[in-house]
Amino acid sequence: MASRVEHPAAGYKKIFETVEELNEPIPAQIIGVIPSWLGGSLLRMGPGLFEVGGEPFNHLFDGQALIHKFDLKNGQVTYYRKFIRTDAYVRAITENRVVITEFGTAAYPDPCKNIFSRFFTYFKGIEVTDNCLVNICPIGEDFYAVTETNYITKVDPDSLETLKKVDLCKYVSVNGVTAHPHTDADGTVYNMGNCFGKNLSLAYNIVKIPPPQEDEKDKSDPLERSQVVVQLPSSERLKPSYLHSFGMTDNHFVFVEQPVKINLLKFLSAWSVRGATYMDCFECNDSMGTWFHLATKDPADYLSSHKFRTSAFNIFHHINAYEEQGFIVVDLCTWKGHDFVYNYLYLANIKEEWEEVKKAAMTAPQPEVRRYVLPLDIHREEQGKNLVSLSYTTATAALRSDGTIWLEPEVLFSGPRQAFEFPQINYSLCRGKKYSFAYGLGLNHFIPDRIVKLNVQTKETWVWQEEECYPSEPLFVPTPAATDEDDGVLLSIVVKPGAERPSFLLVLDAVKLTELARAEVSTIIPVTLHGTYKP
């Protein structure tokens, strides 16, 4: 890992500022040489409107959804962006105020209404947001901008026009789903979300969305054929864990139940309490630790006999999971302890001066990339014996007197206040397979300032970093017909405040993270969270 870089000029503040959408794509100036085979679109999602009517959105995950596109075609590059016309955005712009409550920003009744109308507004319930700022995902032949509620938004990946709001509750029993679905080689999509079961009990459902029908006569929407394939129990009846992603091997699903909980009673009562937000409904269980759950894929079934436990950590992003010699290897980006990391992502905190940003990060959970190994064949041997026999890892699993298996991880990367996050792999080649390389965004006290390649076998790292540059999640694009896992490029949107052309698409050789090219544009691009590459 490169030596820590300081940011006394606090240029990172610019990536958290409102921008306008563009009327048409703008050309980029290319420096270097873009590989001739690289043609297509980099699509990214993130917040683009950080205040409305003089009222700020409070949290990193509150700003209104902006879709970005870098088009690479015939050696030329253009950049385009548009706001997604969600209900949350359209009504905010129309009424010049926050109308729908976001993750950390509460909506208030219309001040123009009389006191009686305002009173009843408080108690009729807060609408669930459709602000799809987190990711954009292909489902069948379509593309959907997504967040973590039950609403997803169909978009045109070419024109960036908003096409249709979709309520997943019409198809399957979920209250919301992750913004990180998995896709099999045949196009089958799997996702996971929580649901209300009997007697207000909570559970987690894994949803299967089949690929498009090959039959020309049946062009039905794959979402209409969605189904829940397996249900996993919640460790606490009224308090499901926060769920941001999950793991999938060739034969299993992996769910990590973390100690960050949604208090269902708070959640339901919040709908009638003025000023309540989603963030107000989270609490941390300081005694449960972290639980690992497994389910088989085909046939889908919960493995209730496999009870894995470990010490407390926050988990947002799975890197990869695979099976080998009767074990499931699970690589994760973790944050130590039970304190909720999102508490430190309010915009007022991350837009502070550099020394204040560092001071706040000192009290936050510390990041670590970890490998856990889960034995599938559980022998009831003597307690305390390590069940993991894989020669290349120091991760352990041991039977305890209560019948649970206690897991200890192997640390793949750790640096004080230096996170390896927003991980990516060569997904088409390595998802669910033993692999060597992960690519991530380096966070320096929560500020993104480098791109990192991690060899998960040797723990060697490579870094791209440039002074006063703020990159985004790197997406891996393989070279056509490549046989080596890291034969390809990384694409990342980088912001360099103060430059003549302050934003650029960065193209890196994925082997050594050497720069191949950058395509610079004369506009600031605000922070983006996740995205996809459309060939």
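# Exercises on cavities, pockets and strands

The structure holds 6 cavities of 30 Å³ or more. On a 1 Å grid over the protein atoms alone, a cavity is a set of points where a 1.4 Å probe fits but cannot get out, a pocket is an open set with protein on both sides within 12 Å along at least five of seven lines, and lining residues have an atom within 4 Å of a point. Grid points are joined across faces, edges and corners, and a volume is the space filled by probe spheres set on the points.

This is a predicted model, in which local features need pLDDT of at least 70 and side-chain atom pairs count only at pLDDT 80 or more, while totals for chains, interfaces and linings use all residues. Residues are numbered from 1 along each chain as its sequence is written, and side-chain values use heavy atoms, with hydrogens and water left out.

## Exercise 1: the whole chain

Work out how many helices and strands the chain has, and how its radius of gyration compares with the globule rule.

Step 1. Count the elements as DSSP runs, numbered from the N terminus: helices are H or I with at least four residues, strands are E with at least two. The chain comes to 6 helices and 37 strands.

Step 2. Take the radius of gyration over C-alpha atoms; the globule rule is 2.2 Å times the number of residues to the power 0.38. The radius is 23 Å, close to the 24 Å that the rule gives for 535 residues, so the chain is as compact as a globular protein of that length.

Step 3. Add the burial: 58% of the 535 residues are buried (buried means under 20% relative accessible area, exposed over 50%, partly exposed in between, with a 1.4 Å probe and protein chains only).

## Exercise 2: the two largest cavities

Find which residues lie nearest the centre of the largest cavity, and then do the same for the second largest.

Step 1. Start with the largest cavity, whose volume is about 400 Å³. Its lining has 30 residues, and Leu60, Leu345, Phe422, Leu443 and Leu529 lie nearest the centre. Two or more lining residues come from each of strand 23 (313-324), strand 29 (418-424), strand 30 (437-444) and strand 34 (488-495).

Step 2. Sort that lining by class (Ala, Val, Leu, Ile, Met, Phe, Trp, Tyr, Cys and Pro count as nonpolar, Asp, Glu, Lys and Arg as charged, and the others, Gly among them, as polar). You get 24 nonpolar, 5 polar and 1 charged.

Step 3. Move to the second largest cavity, with about 170 Å³ of space. Among its 18 lining residues, Ile139, Leu168, Val177, Asn191 and Ile209 are the closest to the centre. This lining has 13 nonpolar, 5 polar and no charged residues.

## Exercise 3: the largest pocket and Pro138

Decide whether Pro138 is buried, partly exposed or exposed, and find a contact of Pro138 among the central residues of the largest pocket.

Step 1. Look at the largest pocket, which holds about 1,400 Å³ of space. Of its 50 lining residues, Pro181, Thr183, Gln424, Tyr427 and Thr532 are the closest to the centre.

Step 2. Place Pro138 in strand 8. With 37% relative accessibility, Pro138 counts as partly exposed.

Step 3. List its contacts (heavy atoms within 4.5 Å). Leaving aside neighbours within four places in sequence, Pro138 touches Phe143, Val189 and Thr532. Thr532 is the residue we wanted, as one of those closest to the pocket centre.

## Exercise 4: the sheet around Thr532

Find which residue stands opposite Thr532, and which strands are at the edges of the sheet.

Step 1. Trace the open sheet of 5 strands: the order is 1-7-6-3-37, with antiparallel pairing (two strands pair if DSSP finds at least two bridges between them).

Step 2. Name the edges. Strand 1 (26-27) and strand 37 (530-534) each have a single partner strand, so one side of each is left without a neighbour in the sheet.

Step 3. Join strand 3 (residues 40-49) to strand 37 through 5 bridges. Leu43 stands opposite Thr532.

## Exercise 5: a hairpin

Identify the covered face of strand 32 and the bridge partner of Ile451.

Step 1. Pair strand 31 (residues 447-455) with strand 32: they run antiparallel over 4 bridges. The two form a hairpin with 5 residues between them, and Lys459 in the turn has a positive phi of about 70°.

Step 2. Recall that side chains in a regular strand alternate between the two faces of the sheet.

Step 3. Read off the faces of strand 32 (residues 461-464): Trp462 and Trp464 are on the covered one, Thr461 and Val463 on the uncovered one. Trp464 is the bridge partner of Ile451.
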